[in-house]
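Have a look at this one before reading on. The sequence and the coordinates are shown just below.

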Amino acid sequence: MERQEILRRKLPPTTSFIISEGVVLAPLGGAVVYEETLRHLRACADLPGFTLQVMPLARTNHAALDGPFILVETPDYQRIAYTETQRGSQLISDPNEVSILAQKYAMLRTQALNTEDTKGLLNLLLGEQ
């Protein structure tokens with residue numbers, strides 16, 4: 001929870017997340033936890049510097065079918081990537097490999113719902129639309 005305060009700084013970092021629609025449709029943890037999760041995601045979607053997009057389940061193809069990844073830019077502008085599976089993780093610093101993942105992320109952003117449609121979906125799931 002303390003790490004989340006970073007998102008509420010006076011000058012927050014720029015962050016962008018794309019999550020599967022399955023994440024927001026699955027009532028994991030039961031009704032109370034599920035609603036709290038949706039409310040948390042919806043509140044985060046309004047934070048400055050924070051972008052949230054949902055990848056629709058109806059998509060038959062998208063740029064992250066090989067698995068999830070994280071792109072990070074350090075304070076000294078070095079770009080790195082991180083991948084994780086059930087059997088291990090990998091930190092990627094090779095500029096060519098990071099560039100490939102950055103291109104995939106750019107494609108994902110066009111394939112996912114835009115930010116307003118994502119907020120609309122969360123509102124709908126919360127019964128607020």
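What follows is a walk through the fold, the strand pairs, the cores and the largest pocket.

First, the ground rules. This is a predicted model, where local features need pLDDT of at least 70, side-chain atom pairs count only at pLDDT 80 or more, and totals for chains, interfaces and linings use all residues. Residues are numbered from 1 along each chain as its sequence is written, and side-chain values use heavy atoms, with hydrogens and water left out.

On confidence, the protein chain averages a pLDDT (the predictor's confidence in each residue, from 0 to 100) of 93, and 99% of the residues score at least 70. Strand β4 has the lowest confidence, at a mean of 93, and α4 the highest, at 97.

The chain holds 4 helices and 5 strands, taken as DSSP runs numbered from the N terminus (helices H or I, at least four residues; strands E, at least two). Along the sequence the pattern reads β-α-α-β-β-β-β-α-α. The C-alpha atoms fill a box of roughly 45 × 40 × 30 Å along the principal axes. Of contacts (heavy atoms within 4.5 Å) between residues at least 6 apart in sequence, 65% join residues at least 24 apart.

Now for the strands, which count as paired if DSSP finds at least two bridges between them. β4 has these two antiparallel partners:

| Strand pair | Bridges | Residues between the strands |
|---|---|---|
| β3 and β4 | 5 bridges | 5 residues |
| β4 and β5 | 5 bridges | 2 residues |

A81 in β4 is a handy residue to click on: L71 stands opposite A81, and I92 is the bridge partner of A81 in β5. Further along, T85 stands opposite G88 in β5. In a regular strand, side chains alternate between the two faces of the sheet.

The loop between β3 and β4 contains Y77, which has a positive phi of about 70° although it is not a glycine. Is Y77 buried or exposed? Its relative accessibility is 65%, so Y77 counts as exposed; the cut-offs are under 20% relative accessible area for buried, over 50% for exposed and partly exposed in between, with a 1.4 Å probe and protein chains only. Across the protein chain, buried residues make up 31% of the 129 residues.

Next, the nonpolar cores, meaning sets of buried Ala, Val, Leu, Ile, Met, Phe, Trp, Tyr and Cys residues joined through side-chain atoms within 4.5 Å. The largest has 15 residues, of which I19, V24, L38, L41, F50, L52 and L122 touch the most other members. Elements giving two or more residues to this core are α2 (31-44), β2 (50-55) and α4 (115-125), and α2 has the largest share, at 4 residues. Another core, of 11 residues, lies apart from it and includes A64, F69, A81 and Y105. Back in α2, L38 touches V24, L122, L125 and L126, leaving out residues up to four places away in sequence.

Last comes the largest pocket, with about 1600 Å³ of space. A pocket here is an open set of points on a 1 Å grid over the protein atoms alone, where a 1.4 Å probe fits, with protein on both sides within 12 Å along at least five of seven lines; lining residues have an atom within 4 Å of a point. Among the 49 lining residues, S16, F17, I18, I70 and Y105 are the closest to the centre.

Technical notes:
Grid points are joined across faces, edges and corners, and a volume is the space filled by probe spheres set on the points.
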